[in-house]
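Colleague: I'm new to this one, could you walk me through it?
Modeller: Gladly, let's bring it up first.

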Amino acid sequence: MPLLRIEHLDGGGLLGIWQMTEAPDCDEALMAEARRLYRNMARQREYVCVRLLLRAMLGRHEVLIDHLESGKPFLVGDPRTLSISHTRGFCAALLTDGRGGVDVEYCSDRVNRIAHRFLRTDEKADDTLSRLAFWSAKETIYKMFSEDHLDFSQMRVCLAADFHEADAQHPVATLLHGENLLRNVSFPIACFVSREYVLTYSTF
């Protein structure tokens, strides 16, 4: 089954991760809606898999996602904050009562070519793993404060703990410290790394 995990977070949040397959197993109505909205098969797959993930997280078939003018998604009829992310082969979703954000990135050394664009001079990320973690963390921060339209210089990330073994699915994990410098607020960001993806999320 493409569902990798559903995790109940402290404070009542809910985190889900889904592995996107070439031909997701879903009802024809959902697939038809994806084809109507998108010509690109990858976009169709993302559309379907995000909704399959939310169905599994919520335990119900009916899942209706809409978007604010800013583009931020929300669940119709559900007051909780919704954050969605997808990358090559995976998608993730986060539901929380307060602010929250989630990001997933597939593992690749491509991040080394763009590190100078998103790293501040006071951020230390010397290898591919830490750069992926910092890149993902900044995507999470941006989603948490989407109304601020933060640029990379207005976000700061540092390691709050060493990378360590988490579990069989996520052999590496760490805690990051994130800051929105525009608001002068800071918060922890959880980071999990598998052989195929890096995932970060935060709630507060």
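What follows is a short set of questions and answers about this model.

Modeller: A quick note before we start: this is a predicted model, where local features need pLDDT of at least 70, side-chain atom pairs count only at pLDDT 80 or more, and totals for chains, interfaces and linings use all residues. Residues are numbered from 1 along each chain as its sequence is written, and side-chain values use heavy atoms, with hydrogens and water left out.

Colleague: How many residues of helix H4 are buried?
Modeller: Helices here are DSSP runs of H or I with at least four residues, and strands are E runs of at least two, numbered from the N terminus. H4 covers residues 128-144, and its buried residues include Leu132, Phe134 and Trp135. Buried means under 20% relative accessible area, exposed over 50%, and partly exposed in between, with a 1.4 Å probe and protein chains only. By that rule H4 is mostly covered, and the count out of its 17 residues is 12.

Colleague: Which residue caps the N-terminal end of H4?
Modeller: Look for a side-chain oxygen that lies 3.3 Å from the backbone nitrogen of leucine 129. That oxygen belongs to aspartate 127.

Colleague: Which element gives the largest share of the largest nonpolar core?
Modeller: A nonpolar core is a set of buried Ala, Val, Leu, Ile, Met, Phe, Trp, Tyr and Cys residues joined through side-chain atoms within 4.5 Å. The largest has 23 residues, and Leu54, Ile65 and Leu75 touch the most other members. Strand S2, helix H1, helix H2, strand S5 and strand S6 each supply at least two residues. The largest share, nine residues, comes from H2.

Colleague: Is glutamate 179 buried or exposed?
Modeller: Glutamate 179 lies in strand S9. Its contacts (heavy atoms within 4.5 Å), leaving aside neighbours within four places in sequence, include Ile141, Arg156 and Phe187. Its relative accessible area is 16%, so glutamate 179 counts as buried.

Colleague: How far is the sulfur of cysteine 158 from the closest cysteine sulfur?
Modeller: A disulfide is a pair of cysteine sulfur atoms within 2.5 Å, and a search of the whole structure finds zero. Cysteine 49, for instance, is in no disulfide, with the nearest cysteine sulfur, that of cysteine 91, 5.5 Å away. For cysteine 158, the closest sulfur is in cysteine 191, too far for a bond because the distance is 13 Å.

Key:
Expected span 1.5 Å × (residues − 1). Polar contact = N/O pair within 3.5 Å; in protein donor to acceptor, adjacent residues only side chain to side chain.
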